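Please work through the following exercises on cysteine pairing and charged side-chain contacts. Each task is followed by a worked solution.

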Amino acid sequence: MSSDKSKMSVVQLTILTVVNMMGSGIIMLPSKLAKVGTISILSWLVTAAGSMCLAYAFAKCGRFSTKSGGMGGYAEYSFGKSGNFMANYTYAVSLLIANVAIAISAVGYVAALASWTLSPFQAALGAIILVWLTMAANFGGAGITGKISGFTVWGAIIPVIGVSLIGWFWFSPGMYAESWNPHNMQLFDAIPSSIAITLWAFLGLESACANSEAVDNPEKNVPIAVLWGTLLTAVIYIISTNVVAGIVPNADLAASDAPFGLVFAAMFNDTIGQVVMALLIVSCVGSLLGWQFTIAQVFKTSADEGYFVPQFGKVTATNTPVLGMCIIASVQTVLALMTMDEGLSKQFDILVNLAVVTNLIPYILSMSAIIVLQKASNVPHKEMVFTSIIAFIGNLYSFYALYGSGQEAMYWGSMAVFAGWVLYGKVVSTKYDLKQPF
């Protein structure tokens, strides 16, 4: 059978997967990893392996699941309607938190570009303004949001790939070696200490199989594209974050709120560094614009299914959930104020760890449901066993990432999950006539 020329090839889908995952997750990584040292390359290897297992299993889920709702639909196979709710709820909460972290990243680069020294309140206020601006930009409907995000993401990809290719001309092996373990951490303390920030860069891998209907021979090509896309993304992440560690001294890198601008200034001059910072600001804003629209749609879809309060499902004439968007932005405002600490870097750390913890809940639910999902779809036994083993490894990695996120993030993440059960009980109670027996 000849292929449909109107559909993407496996190479095109692989490239699209890489672009979707990179976004804005990379731009603060050099500073965060510098606080651990170049020993964090071991965390990269662990995360890359775990992320590939998760991505492969999600690709299989996308191919065989007949239920709607993404990860919620996958979880429903084993955990019923409550599992569907909890997967979608924690994913939505994760996006809500992650978007504030993206806004903080953008504020950090703006402050560095403008040579501003921001107080914690000023930094939080800047993030709040950016959150509302990007949310308001979506009030008119989907429109060009996707196109804008698809264009602006290159503001991050070009500098990151650029430093991966040409940064070696400025690379100092001695400086890299000196940065290996600046705080003399034990190996089994160093690896989990940077697991959360490395996984942060891969968040969104579960959406990589969303284009399965647009690719030729999806049953074969979607898993290939997702697997190779995740691997290629991991290679770019590992090379870029490690080459910069041999260009800029560890202490300077760890203290920077705009690490890639600092690196390009060291490689060329301050003007080039400022251009790179401007590109990354554009990338961050574009990414935030797209993710704000995405989170509003996640809440709307869940409200339409009866899992969230109906206010999130109310739409305008352009089919836009403006009321839900305003509620979401209001919660993000409170979150930005609650997490403001002694600086941008600390606030970013708090938000990233919390976003990772809440995002891992739907990962674990989906991986745990994959056996039942495959049995329901009559997947051949040999393939089912292989996929189930990969999913189990993905689950092991997810629990390790939870451990690496720290006690504070686990505490607040658990509170968010418990609040979800209360919300589920409230929503379910409105779906039944409580005067009649169930």
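The exercises below concern a predicted model.

**Exercise 1.** Determine how many disulfides the model contains, and explain the result for Cys53.

*Solution.*
1. A disulfide is a covalent bond between the sulfur atoms of two cysteines.
2. The cut-off for such a pair is a sulfur separation within 2.5 Å.
3. For Cys53, the closest cysteine sulfur belongs to Cys61 and lies 13 Å away, which is too far for a bond.
4. The count is therefore zero disulfides by the 2.5 Å rule.
5. As to accessibility, Cys53 is buried at 13%, whereas Cys326 is partly exposed at 25%.

**Exercise 2.** Find the part of the chain to which Lys32 is linked by a salt bridge, and classify both partners as buried, partly exposed or exposed.

*Solution.*
1. The whole structure holds five salt bridges.
2. In one of them, Lys32 pairs with Asp349, with 3.3 Å between the closest N and O atoms.
3. Lys32 belongs to helix α2 and Asp349 to helix α16, so distant parts of the chain, 317 residues apart, are linked.
4. Lys32 has a relative accessible area of 7% and is buried; Asp349, at 23%, is partly exposed.

**Exercise 3.** Repeat the analysis for Glu383, then identify the salt-bridge network that contains Glu76.

*Solution.*
1. Glu383 forms a salt bridge with Lys60, at 2.7 Å from N to O.
2. This pair connects helix α18 (Glu383) with helix α3 (Lys60), across 323 residues.
3. Glu383 is partly exposed at 22% relative accessibility, while Lys60 is buried at 9%.
4. Glu76, buried at 15%, forms a salt bridge with Lys81 at 3.3 Å.
5. Through shared partners, Lys67, Glu76 and Lys81 make up one network.

Key: Residues are numbered from 1 along each chain as its sequence is written. This is a predicted model: local features need pLDDT of at least 70, side-chain atom pairs count only at pLDDT 80 or more; totals for chains, interfaces and linings use all residues. Side-chain values use heavy atoms; hydrogens and water are left out. Buried means under 20% relative accessible area, exposed over 50%, partly exposed in between (1.4 Å probe, protein chains only). A salt bridge is a side-chain nitrogen of Lys or Arg within 4 Å of a carboxyl oxygen of Asp or Glu. Helices (H or I, at least four residues) and strands (E, at least two) are DSSP runs, numbered from the N terminus.
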